[in-house]
Amino acid sequence: MYKVFVNNTPIILSTKEVIEDYETIHIKEIDFPKIIRDILEKENQDKEAKYHFYHKNEEKLLEHLYTKLPVVVAGGGKVYNKKKEVLFIHRNGKWDLPKGKAEKKEDIETTAIREVEEETGVSGLEITKFLYRTYHVFKRNGEFRLKVTYWFEMKTEYKGILIPQKDEGIMKVKWKDAKKARKALKDSYANIRQLFSHEYL
């Protein structure tokens, strides 16, 4: 099962033919922009949209998803320091984790490390494991796009100054312990909360 977020509303993708209380549509037949507009309209009315995209084959499910909107591939990091604090950025009024678009012919691990460095000023990063892949819809130049972000757990011994990349709209960069991270996640995005274990939430 996968979740594609439109703002904080998840669209469920699965190989199940039915999910109770959800409107199920075969993924071949979806009009994705129309569904996105419906979700956004319902959000504005404080209503909940419940969509489920179905295909019996999991690989085909993702293959068809990637044909429905232009895809942007990104890499990001959930970075820990020696105190086990997590590195957060503040952008567009929300707490987030550093991430960004892959450059041409760049492998995704390199993307993730480069983007964390550029957005936060932190160096000496080492990937410890792959975490998760998140999906969310965003709009650029009047067109809906699907961002697929590959997230990696990282560690660093960096103790220097944190430098927010202001030309990317980042206003703050902070190390947060479990208590502060829990508070930040209340003012974050649903797809970011997926990257944290339940004790944070």
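Colleague: Which residue lies over the face of Phe 144, and at what distance from the ring centre?
Modeller: This is a predicted model. A Lys or Arg charge counts as sitting over a ring if it is within 6 Å of the ring centre and within 35 degrees of the ring normal. For Phe 144 the residue over the face is Lys 139, at 5.0 Å from the ring centre.

Colleague: Into which domains is the chain divided, and how far apart do their C-alpha centres lie?
Modeller: The division gives domain 1, residues 2-68, and domain 2, residues 74-200. Between the C-alpha centres of domain 1 and domain 2 the distance is 25 Å.

Colleague: How many residues of domain 1 and domain 2 are in contact, and what area is buried between them?
Modeller: On the domain 1 side, 14 residues are in contact with 13 residues of domain 2. The size of an interface is often given as the accessible area lost when the parts come together. Carbon and sulfur atoms give 68% of the area buried between domain 1 and domain 2, and that area is about 1100 Å².

Colleague: Which three residues supply 46% of the area that domain 1 buries against domain 2?
Modeller: No other three residues supply more of the area that domain 1 buries against domain 2. The three are Phe 5, Asn 8 and Tyr 66.

Colleague: Where does the largest nonpolar core lie with respect to domain 1 and domain 2?
Modeller: This core has 24 residues, and those that touch the most other members are Val 4, Ile 11, Leu 13, Phe 32, Phe 53, Leu 65 and Val 137. Elements giving two or more residues to the core include strand S1 (2-6), helix H2 (58-68) and strand S9 (126-140). Because domain 1 and domain 2 both give residues to this core, its place is between them.

Colleague: Which element gives the largest share of this core?
Modeller: Among the elements that give two or more residues are strand S2 (9-14), helix H1 (32-44), strand S4 (51-54) and strand S10 (143-155). The largest share is 4 residues, and it comes from H1.

Colleague: Which residues does Phe 53 touch, leaving out those up to four places away in sequence?
Modeller: Phe 53 is one of the core members that touch the most others. Its contacts are Ile 11, Ile 12, Leu 13, Ser 14, Ile 25, Ile 27, Ile 30, Phe 32, Ile 35 and Leu 61.

Colleague: Is the pair of Phe 88 and Trp 95 stacked or edge-to-face?
Modeller: Phe 88 is buried, at a relative accessible area of 0%, and Trp 95 is buried at 11%. Their ring centres are 6.4 Å apart. The planes meet at 90°, so the pair is edge-to-face.

Colleague: Which rings are linked with Phe 88 into a cluster?
Modeller: Phe 88 and Phe 196 form a stacked pair, with 5.8 Å centre to centre and 20° between the planes. This pair links distant parts of the chain, 108 residues apart: Phe 88 is in strand S6 (residues 86-91) and Phe 196 in the segment after helix H5 (190-193). The rings clustered with Phe 88 are those of Trp 95 and Phe 196.

Colleague: Which residue has its charged end over the ring of Phe 196?
Modeller: Phe 196 is buried, as is Phe 88. At 4.4 Å from the centre of the Phe 196 ring sits the charged end of Lys 78.

Colleague: Is Thr 149 buried or exposed?
Modeller: Thr 149 is found in strand S10. Residues that Thr 149 touches include Ala 74, Lys 99 and Tyr 132. Buried means under 20% relative accessible area. Thr 149 has 0%, so it is buried.

Key
Residues are numbered from 1 along each chain as its sequence is written. This is a predicted model: local features need pLDDT of at least 70, side-chain atom pairs count only at pLDDT 80 or more; totals for chains, interfaces and linings use all residues. Side-chain values use heavy atoms; hydrogens and water are left out. A nonpolar core is a set of buried Ala, Val, Leu, Ile, Met, Phe, Trp, Tyr and Cys residues joined through side-chain atoms within 4.5 Å. Buried means under 20% relative accessible area, exposed over 50%, partly exposed in between (1.4 Å probe, protein chains only). Domain bounds come from an automatic or database domain assignment. Contact means heavy atoms within 4.5 Å. Rings of Phe, Tyr and Trp (its six-membered ring) pair if their centres lie within 6.5 Å; planes under 30 degrees apart count as stacked, over 60 as edge-to-face and the rest as tilted. Buried area is the accessible area (1.4 Å probe) that two parts lose on being put together, summed over both.
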